[in-house]
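Welcome, and thanks for taking a look at this one with us. Below is a short tour, grouped by topic, to read alongside the structure.

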Amino acid sequence: MQSSAHIGLPFMKMHGLGNDFVVLDARAQQIDVDAGLARALGDRHRGVGFDQLAVISHGADTLHLTFFNTDGSQANACGNATRCIARHLMEETGETELQLTTGRGVLTARDEGHGLTAVNMGHPQLDWADIPLADAMDTLSLPIDGTPAATGMGNPHCTFFVEDVEAIDLAEFGAAHEHHPLFPERTNVQIAQITGPDRMRMRVWERGVGITLASGSSSCAAAVAAARLGLTGRAVRIDLDGGSLSVEWRDDGVWMIGPTTHVFSGTLTPAFLASLT
């Protein structure tokens, strides 16, 4: 970031169903992103504001994505950001399918037409040690009030199936469970209500972020948990606060499909960057 402090730093603002991101492209210039920069950019009053910060860089064989939460912590997976960036890169290159490397592994993204972008988030992690949980236990029935299910999608998820998602104070509920001792790496928290044979209403609390309008990895985790519990089939429509995603648990992984938006591009000023040093 040293050189950028003198000339400014370009960025893109994107969102998937209101789950919003700042994207930095480190392909053309070196950008050293740390927790302090992530927190400063994530401040919705003094920075730009986001649910996640994503950095595009060159990997060994594919482009690599690195994700930061608003509290400066890193996340291995961010499904909606991956879809947004994949859409941007497909428009840039003219390709209709590409692969991106994340902390989750190599993910395949595909243009589904009609403005929709799909990404394969990989196979879910279903064993307690892989999620991870603090102790060996049944991941479909955690010893927590409400007997939630735990699922790993590159990051840990705790899904509660309830009768009415609107009746729960998500701010209080999510904050209390993010730091539950069963989750040594903290957890994302979903409250989900089955509204049809293959449909659910869901609200999300993201670790390191708080309440978010949508979450791709959370949607994948909830879909997997619902299918394992026999509440839905393996293809489900999920209605979030910011809109709807389609999720399908296939033999090759969990696919999620939805719209993306590139809101604007801008430049962080040299004065702002200098104030962070």
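Arg201 counts as buried, at 18% relative accessibility. Please keep in mind that this is a predicted model. Arg201 has its place in strand 12, and that residue makes a good starting point for the tour.

**Around Arg201**

- The side chains of Arg201 and Asp241 are joined by a polar contact of 2.6 Å.
- Beyond its neighbours within four places in sequence, Arg201 is in contact with Val165, Glu166, Ile191, Ala192, Gln193, Thr195, Asp239, Leu240 and Asp241.

**Arg207 and Asn155, two loop residues**

- Arg207 is found in the loop between strand 12 and strand 13, and at 9% relative accessibility Arg207 counts as buried.
- With residues up to four places away in sequence not counted, Arg207 touches Asn69, Gln74, Ala75, Asn155, Pro156, Glu178, Glu185, Arg186, Thr187 and Asn188.
- One of these partners, Arg186, is 21 residues from Arg207 in sequence, with a C-alpha to C-alpha separation of 6.6 Å in space.
- Another partner, Asn155, belongs to the loop between strand 9 (149-152) and strand 10, and Asn155 counts as buried at 4% relative accessibility.
- The side chain of Asn155 has a polar contact of 2.7 Å with the side chain of His157, and a polar atom of the Asn155 side chain lies 3.2 Å from the backbone oxygen of Ala77.
- Leaving aside neighbours within four places in sequence, the contacts of Asn155 are Ala77, Ile131, Asn188, Arg207 and Ser217.

**Helix 4**

- Which residues of helix 4 are buried? They are Leu170, Phe173, Gly174, His177 and Glu178.
- Seen down the axis of helix 4, these buried residues fall within an arc of 120 degrees, so they line one face of the helix.
- Glu172 and Ala176 are exposed residues carried on the face of helix 4 that is turned away from its buried side.
- The buried residues of helix 4 have strand 10, strand 11 (188-196), strand 12 (199-206) and strand 13 (210-212) as their packing partners.
- The N-terminal end of helix 4 is capped by Asp169, which has a side-chain oxygen 3.3 Å from the backbone nitrogen of Ala171.

**Helix 2**

- In helix 2 (residues 35-42), the buried residues are Leu37, Ala38, Ala40, Leu41 and Gly42.
- The cover over these buried residues of helix 2 includes strand 2 (19-25), strand 3 (52-58), strand 4 (63-69), strand 17 and helix 6 (270-274).
- At the start of helix 2, Asp34 has a side-chain oxygen that reaches to within 3.2 Å of the backbone nitrogen of Gly36.

**Aromatic rings**

- How many aromatic pairs does a search of the whole structure find? The search finds two.
- One pair is Phe11 with Phe264: the ring centres are 6.0 Å apart and the planes are at 80 degrees, so the pair is edge-to-face.
- Phe11 lies in strand 1 (residues 9-16) and Phe264 in strand 17 (residues 261-268), so this pair ties together parts that are 253 residues apart in sequence.
- Phe11 is buried, with a relative accessible area of 9%, whereas Phe264 is partly exposed, with a relative accessible area of 37%.
- The rings of Phe160 and Phe173 have their centres 4.8 Å apart and their planes at 75 degrees, so this pair is edge-to-face.
- Phe160 lies in strand 10 (residues 156-161) and Phe173 in helix 4 (residues 170-178), so the pair ties together parts that are 13 residues apart in sequence.
- Phe160 is buried, with a relative accessible area of 3%.
- A charge meets a ring as well: the charged end of Arg234 sits over the ring of Trp249, 4.0 Å from its centre.

**Cysteines**

- How many disulfides turn up in a search of the whole structure? The search finds zero.
- For the sulfur of Cys78, the closest cysteine sulfur is that of Cys84, 8.4 Å away and too far for a bond.
- Cys78 is buried, with a relative accessible area of 4%, and Cys84 is buried, with a relative accessible area of 3%.

Terms used:
Residues are numbered from 1 along each chain as its sequence is written. This is a predicted model: local features need pLDDT of at least 70, side-chain atom pairs count only at pLDDT 80 or more; totals for chains, interfaces and linings use all residues. Side-chain values use heavy atoms; hydrogens and water are left out. Rings of Phe, Tyr and Trp (its six-membered ring) pair if their centres lie within 6.5 Å; planes under 30 degrees apart count as stacked, over 60 as edge-to-face and the rest as tilted. Helices (H or I, at least four residues) and strands (E, at least two) are DSSP runs, numbered from the N terminus. Buried means under 20% relative accessible area, exposed over 50%, partly exposed in between (1.4 Å probe, protein chains only). A charge sits over a ring if NZ of Lys or CZ of Arg is within 6 Å of the ring centre and within 35 degrees of the ring normal. The arc is that of the directions from the helix axis to the C-beta atoms. Contact means heavy atoms within 4.5 Å. A polar contact is a pair of N or O atoms within 3.5 Å; within protein, one must be able to donate a hydrogen and the other to accept it, and residues adjacent in sequence count only if both atoms are side-chain atoms. A disulfide is a pair of cysteine sulfur atoms within 2.5 Å.
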